[in-house]
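Colleague: Could you walk me through how you read a model like this one? I'd like the general idea each time, then the case in front of us.

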Amino acid sequence: MWTDSLRRIRAVAAKEVRQLLRDRITFGMIVGVPLLQVILFGYAINTDVRHLRAAVADLSGTQLSRSVVAEAETSQVVDVVAVAHSAPELEGLLKDGKVSVGIYFPPDFERRTWTHAEPAAQLMVDGSDPTLLGVAQGLARMPLPTRSISSRAAPAALFEVRNFYNPERRSAVDIVPALIGVILTLTMVLFTAVAIVRERERGNLELLITTPVSTVELMVGKISPYIMIGLIQVTIVLLLGWLLFSVPIVGSLASLYLAALLFIAASLGLGLLISTMAKTQFQAMQLTIFTFLPSILLS
């Protein structure tokens with residue numbers, strides 16, 4: 001009896017293999033997912049941060065402060081591309097996005113290295129990227145240049161790190177805004193791809209093509225509702241983040257919605273591209289998931 005059972009299992013398995021071989025998209029994903037993602041992530045994802053744009057405001061003007069800057073550049077973590085003459089000017093460079101790291105030396109920098117009562121200098125960082133904040137904390141523990149501490153003990157912390165984004169380091173402030181990109185990427189691509197393929201499966205697409213509606217008009221008409229859906233999703237995330245998690249909304253809402261609109265358009269375009277390759281709704285969902293992981297990890 002068990003031999004008959006094995007024979008039936010083999011027959012079903014053989015039928016499933018033949019079905020997979022006929023389904024080119026599924027078979028391609030079996031090979032393509034591990035192949036492309038290992039190559040893509042292996043070469044593209046690199047957590048080693050190097051050559052960050054930095055600005056220096058050296059109000060002490062000492063040989064020691066210049067040595068510290070030289071040591072920081074030698075580490076290849078930062079490249080000094082600008083010089084500021086005051087702390088407000090240094091903050092302005094950071095807020096304008098011209099640099100990612102600001103190094104501030106107070107007038108009494110050298111005295112602070114002797115007293116050890118407080119950090120000798122300040123490291124300003126754009127903490128909107130958590131990776132940069134981790135790099136800044138590593139630089140904060142950088143020792144004084146060896147040649148400058150022959151007659152003094154090095155302070156416990158050379159720099160005090162000042163984070164210009166989410167200084168309280170609340171996880172909701174990082175996660176909730178990021179969910180806008182995650183949700184839009186998944187829903188916009190999936191909705192558009194499935195909607196077009198569903199019309200093709202039901203034969204409605206061919207009927208629409210025979211009407212006076214042009215191809216461009218048809219595509220714009222199909223995706224227009226999803227543009228509104230995307231903007232509604234952005235509004236829901238912002239409202240819930242503000243009401244439930246006290247995530248502050250700072251800056252121009254018009255600029256935020258304009259950026260979201262451009263992102264929605266790009267996501268819908270990707271959904272349309274997937275719809276041209278998928279023959280069924282299941283294939284459309286497969287291809288959406290295939291593109292979702294690289295989109296998130298490389299963003």
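Modeller: Sure, and let's begin with a single residue: S267 sits in helix α10. Keep in mind that this is a predicted model.

Colleague: Is S267 buried or exposed?

Modeller: The cut-off for buried is under 20% relative accessible area. S267 has 6% relative accessibility, so it counts as buried.

Colleague: Which residues does S267 touch, leaving out those up to four places away in sequence?

Modeller: S267 touches L184, T185, M188 and V189.

Colleague: Let's zoom out. How many helices and strands does the chain have?

Modeller: There are 11 helices and five strands. The chain has 299 residues, and 35% of them count as buried. Look at the contacts too: among those between residues at least 6 apart in sequence, 74% join residues at least 24 apart.

Colleague: On to the strands. How do I read the two faces of one?

Modeller: In a regular strand, side chains alternate between the two faces of the sheet. Take β3, residues 101-105. V101, I103 and F105 are on one side, G102 and Y104 are on the other, and all of these are buried. Five of the five residues of β3 are buried, so the strand is largely enclosed by the rest of the structure.

Colleague: And which way do the residues of β4 point?

Modeller: In β4, A121, L123 and V125 point one way while Q122 and M124 point the other, and all are buried. Since five of the five residues of β4 are buried, that strand too is largely enclosed by the rest of the structure.

Colleague: Which strands does β3 pair with, and in what sense?

Modeller: β3 runs antiparallel to β4, joined by four bridges. Strand β1 (residues 52-58) runs parallel to β3, with five bridges. To find your place in the β1 pairing, look for A57 opposite Y104 in β3. For β3 and β4, G102 stands opposite M124, and I103 stands opposite L123.

Colleague: What pairs with β4 in the parallel sense?

Modeller: That's β5, residues 159-163, over five bridges. M124 of β4 stands opposite R162 in β5.

Colleague: R162 has a charged side chain. What's the idea behind looking for partners?

Modeller: Side chains of opposite charge can pair when their charged atoms come close. A search of the whole structure finds three salt bridges. One of them joins R162 and E91, with the closest N and O atoms 2.8 Å apart. R162 is in β5 and E91 is in helix α4 (residues 87-95), so the pair ties together parts that are 71 residues apart in sequence. R162 counts as partly exposed at 34% relative accessibility, whereas E91 counts as buried at 18%.

Colleague: Which residues does D108 form salt bridges with?

Modeller: D108 meets R111 at 2.6 Å, N to O, and R112 with the closest N and O atoms 3.1 Å apart. Salt bridges that share partners join D108, R111 and R112 into one network. As for cover, D108 is partly exposed at 24% and R111 is partly exposed at 44%, while R112 counts as buried at 19%.

Colleague: Now the nonpolar side. What should I expect?

Modeller: In soluble globular proteins, nonpolar side chains tend to be buried together. Here the largest nonpolar core has 27 residues, and L52, F105, F109 and F159 have the most contacts inside it. β1, α3 (63-74), β3, β4 and α6 (130-140) are the elements giving two or more residues to this core. α6 gives the most, with six residues.

Colleague: What does F105 contact, leaving aside neighbours within four places in sequence?

Modeller: The contacts of F105 include V56, A57, V68, V69, A121 and F159. Apart from that core lies another, of 18 residues, among them A195, Y226, L231 and V247.

Colleague: Where do nonpolar residues show up on the surface?

Modeller: There's a nonpolar patch with about 1,100 Å² of accessible area together, including I232, W242, F245 and L256. α9 (215-245) and α10 (253-277) each supply at least two of its residues, and α9 gives the most, with eight. L240, another patch member, lies in α9 and is partly exposed at 42% relative accessible area.

Conventions. Residues numbered from 1 in each chain as written. Predicted model: local features only at pLDDT ≥ 70, side-chain atom pairs only at ≥ 80, totals over all residues. Heavy atoms only, no water. Buried < 20%, exposed > 50% of the residue type's maximum accessible area, 1.4 Å probe, protein only. Pairing = 2+ DSSP bridges. Patch = residues over 30% accessible without salt bridge, like charges linked within 9 Å, V, L, I, M, F, W, Y side chains within 5 Å. Areas by Shrake-Rupley, 256 points an atom, 1.4 Å probe, with all protein chains shown as cover. Salt bridge = Lys/Arg side-chain N within 4 Å of Asp/Glu carboxyl O. Contact = heavy atoms within 4.5 Å. Core = buried A, V, L, I, M, F, W, Y, C linked by side-chain atoms within 4.5 Å.
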